[in-house]
Amino acid sequence: MATDTEPGRRRRCCAQDTPDVPKIPDSRADSDGPRRGSLCDRHCAAINNVQGDLGDLGCHLHRPRVPPAMSTPSCCQQHSEEVCESCVLKTTLTAENAVEANKLSNNYKFGFKKWKSHVTARPWEDRSEIVKELYSDLNVVRGSAGSTLTCGNVLYLLLFGWWLSLLYILVAAVMFVTIMGAPYGRLCWDLAGYFLWPFGKVIQKVEVPKSHQVCEAGVGESSALLGGPTPLRWHPRCWVGTGYWHHASTAVWLCLGYPVLVLAHGLVCVTAWLLIVLIPVAKLSARATSRVLPLPPERVLIRRLRMTEVPLEGEVILCCYRAANPYYYKYAVDGINVFAVNLLPLVLVTLVLGYVDSPNHLTGSAVKFTLALLSIMPLSYYIGMAIASISAQSNFAVGAVVNATFGSITELTFYITALIKGSREGNRCYAEVVKSALTGTLVGCVLFVPGLCMVIGGIRHQEQRFNSRSAGVSSALLFLSVGGVFAPTLFSKVYGKLVCGECHNVTQNPLGHYLCHNCHFDLMDNNGTLYYSHVQPLVYTVSILLPAAYLIGLFFTLKTHTHIYDIHISDCHMPGHHHSAVVHWSRWRALVILLLSTLCMSACADLATEHISPILTNSTISQYFISVTVLAMVPELPEIVNGIQFALQNNLSLSIEIGNCIAVQVCMLQIPILVLFTIFYPTNFTLVFSDLHVYASMFSVVLMNYIFMDGKCDYFQGTVLVMVYFILLAVYFFAPSPSGC
């Protein structure tokens, strides 16, 4: 009988039970079966770790219920003497609806963009309490909220509370001076104390019966639920005796007080929203502007709470306990992450500043280049969200076309724009920048992206496993693509003529040693016979074969060998839940956003290439380093974030596939497209790379395949990949700039 100490033999195990499906007791509970079954379960739990924890995705491992009368002995008992080929059987992931199931299925398809966020609205009851608190309105009175003296509340006092309270006092003074606005002055005085420290206090909208409209002075009611006697209010009968007085008081308030406070709360709202963790303060200001300030003074009541379990009389308008919440990085508006929402105005600022201030009177080229590069990040997010939404709501053919067409649109837009500008100016430096950026994307996605995901995921999970067979397909395509891309470079090294720009005789002897600089292989010797007769046909041949190999890889993984992913997505609902799909973006809306984002991406890429020339010329840093880091990795930041989120969920397979798919698309799609583009629009781009690019790319691919060989990893292996990436960056940092720059 096989035991846990025999690594060469494994029992055949059943699919893992879910927490939602209780186990069926075995009829042979008195025998040794439970003991053996528990050993196998523990063995499977250690091995069956491919998909990881998908709880945050709203999915779970699913197995149909088996009636007790039909329960069969566990497969560990039934096949205890058999050798298990693989403990991981086909896994069924249950999604919330058919659209979300389609999105999850697309994540495991080769060539499709991996997307972490939901494309449909999650049911409210399926969300965690932390997420529910993010979306709740500030009008819920809690029984026990704890102490209000927190770091976030103190930060609110220092940033907003003191000057906002002072402004309310000044407005109250103005209202009292006008006499007619005295009721609103009293309201502002009370609100000054509230906004100085609003935590643990309640603003209510109360009804004023006509029978109670009498002027009462010095009378207040008390309650066991309140923190003392009710604050005195300016009673309506003291000032609404006539309609004229009421209208005059409201007019004074709308002219002198309300606009100033709206501007102040607007500033607080925008500032707090941009800080993200202070979004509760933004909600507080927005709700105060829209729900509190427009009310008549007699209908606003401010109370301080000690503790309450019984609902208060009257409608609660505002009740805030915390000014900061670190979980607001999960907040989304119509399915869009709050970071992408906050960065969207940056795109508008970049476009206006870039095209209106062409002579650089307001800002310089460095600022415009930085803004254009930062604007690419939210646009990449919107493009990815649109692609995922369209693919999830369409059939396989439409999804494949959209992913193939727009999957690399971010990088290709920048590369083509740079090549066109270099061709117009006759500057070969732009072609070298594009080659360096291509190499930087390849090296970064092979080393940095999976390495960073391994490190972050390994901090939470001691050891992570992934589907080595699916990773092997991408690795094989990477070997093929790297060999094909650098084949013309190796050919030129063998048959090209070495030409040097500056040579100096070191020994002062005509037959002595020479020290040469700016050496390169000349392919244009003898009127370019070598290049046009041999190298260029080889480049075109490679540019046709690589996309063909990519299509074969798609057909292999998506048609004939889909079982290697060992995944099945079911569109049935969770137990006890039945929800219809409420998509964030419809197909037409996603298509419009995709086209607009692509158009804005083209404009930002044009601005980036327009203002990169002074940076490359005046910078003391090597152009190699700028290209392989900033230009290569900034457009990939949304993909890196998705990979990290998958790794934290112990789903390292998708984290690795993100980097591999980008690297494969660089070699098999982006580079051939750039080569074919030069046929219709002649540029200085040739598929001949420097030695540094060749060695860095090949070494990265070999190291990545060595690390991924056994199908498991930990944070140490991820650290190795990240350290090697930083070493290569150091090499690029100290390398001299390429010739022509």
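**Exercise 1. Serine side chains inside helices**

Task: Determine which backbone oxygen lies 2.9 Å from a polar atom of the side chain of serine 697, and establish where serine 697 lies.

Solution. In this predicted model, the oxygen in question belongs to the backbone of histidine 693, and the distance from it to a polar atom of the serine 697 side chain is 2.9 Å. The next step is to place the residue, and serine 697 turns out to belong to helix 22, which covers residues 691-707. In an α-helix there are 3.6 residues a turn, so residues three or four places apart point the same way. As for accessibility, serine 697 has a relative value of 0%, and because buried means under 20%, this residue counts as buried. The last step looks beyond the neighbours within four places in sequence, where serine 697 is in contact with Thr439, Leu442, Val443 and Phe486.

Task: Carry out the corresponding analysis for serine 543, which lies in helix 16.

Solution. Helix 16 spans residues 525-560 and contains serine 543. A polar atom of the serine 543 side chain lies 2.8 Å from the backbone oxygen of valine 539. With a relative accessibility of 2%, serine 543 counts as buried. Once residues up to four places away in sequence are set aside, serine 543 touches Pro672 and Val675.

**Exercise 2. The geometry of helix 21**

Task: Decide what end-to-end span the 29 residues of helix 21 should have, and compare this with the model.

Solution. Helix 21 runs over residues 652-680, and at 1.5 Å a residue its expected span is 42 Å. In the model the C-alpha atoms at its ends are 41 Å apart, which agrees with the expectation. The axis should nevertheless be examined along its course, since helix 21 bends by about 40° at valine 666. Finally, 25 of the 29 residues are buried, so helix 21 is largely enclosed by the rest of the structure.

**Exercise 3. Strand 2 and its partners**

Task: Work out how many bridges join strand 2 to strand 3, how many join strand 2 to strand 4, and which residues stand opposite lysine 205.

Solution. Begin with strand 2 (residues 201-205), which is joined to strand 3 by five bridges in an antiparallel arrangement. Strand 2 is also joined to strand 4 (residues 315-320) by five bridges, and this pair likewise runs antiparallel. Lysine 205 can then be followed in both directions: in strand 3 it stands opposite valine 300, and in strand 4 it stands opposite glutamate 315. Lysine 201, for its part, faces arginine 304 in strand 3. To complete the picture, strand 2 is mostly covered, with four of its five residues buried, and strand 3 (residues 300-304) is mostly covered too, again with four of five residues buried.

**Exercise 4. Aromatic pairs**

Task: Classify the pair formed by tryptophan 115 and tyrosine 381, and state where in the chain the two residues are found.

Solution. The search of the whole structure returns 22 aromatic pairs. In the pair of tryptophan 115 and tyrosine 381, the centres are 5.2 Å apart and the planes make an angle of 55°, which is classed as tilted. The pair links distant parts of the chain, with tryptophan 115 in the loop between helix 3 and helix 4, tyrosine 381 in helix 10, and their positions 266 residues apart. Both tryptophan 115 and tyrosine 381 are buried.

Task: Classify the pair of phenylalanine 733 and phenylalanine 734.

Solution. The ring centres of phenylalanine 733 and phenylalanine 734 are 5.0 Å apart and the planes are at 85°, so the pair is edge-to-face, given that over 60 degrees is the cut-off for this class. With a relative accessible area of 35%, phenylalanine 733 is partly exposed, whereas phenylalanine 734, at 69%, counts as exposed.

**Exercise 5. Two asparagines with positive phi**

Task: Locate asparagine 360 and asparagine 650, and decide whether each is buried, partly exposed or exposed.

Solution. Most residues other than glycine have a negative phi. Asparagine 360 has a positive phi near 65°, and the phi of asparagine 650 is also positive and near 65°. The first of these residues, asparagine 360, sits in the loop between helix 9 and helix 10, while asparagine 650 occupies the loop between helix 20 and helix 21. At 28% relative accessibility asparagine 360 counts as partly exposed, but asparagine 650, at 7%, is buried.

How values were computed
Residues are numbered from 1 along each chain as its sequence is written. This is a predicted model: local features need pLDDT of at least 70, side-chain atom pairs count only at pLDDT 80 or more; totals for chains, interfaces and linings use all residues. Side-chain values use heavy atoms; hydrogens and water are left out. Buried means under 20% relative accessible area, exposed over 50%, partly exposed in between (1.4 Å probe, protein chains only). A polar contact is a pair of N or O atoms within 3.5 Å; within protein, one must be able to donate a hydrogen and the other to accept it, and residues adjacent in sequence count only if both atoms are side-chain atoms. Contact means heavy atoms within 4.5 Å. Two strands pair if DSSP finds at least two bridges between them. The expected span of a helix is 1.5 Å times one less than its number of residues. The bend at a residue is the angle between axes fitted to the seven residues ending there and the seven starting there. Rings of Phe, Tyr and Trp (its six-membered ring) pair if their centres lie within 6.5 Å; planes under 30 degrees apart count as stacked, over 60 as edge-to-face and the rest as tilted.
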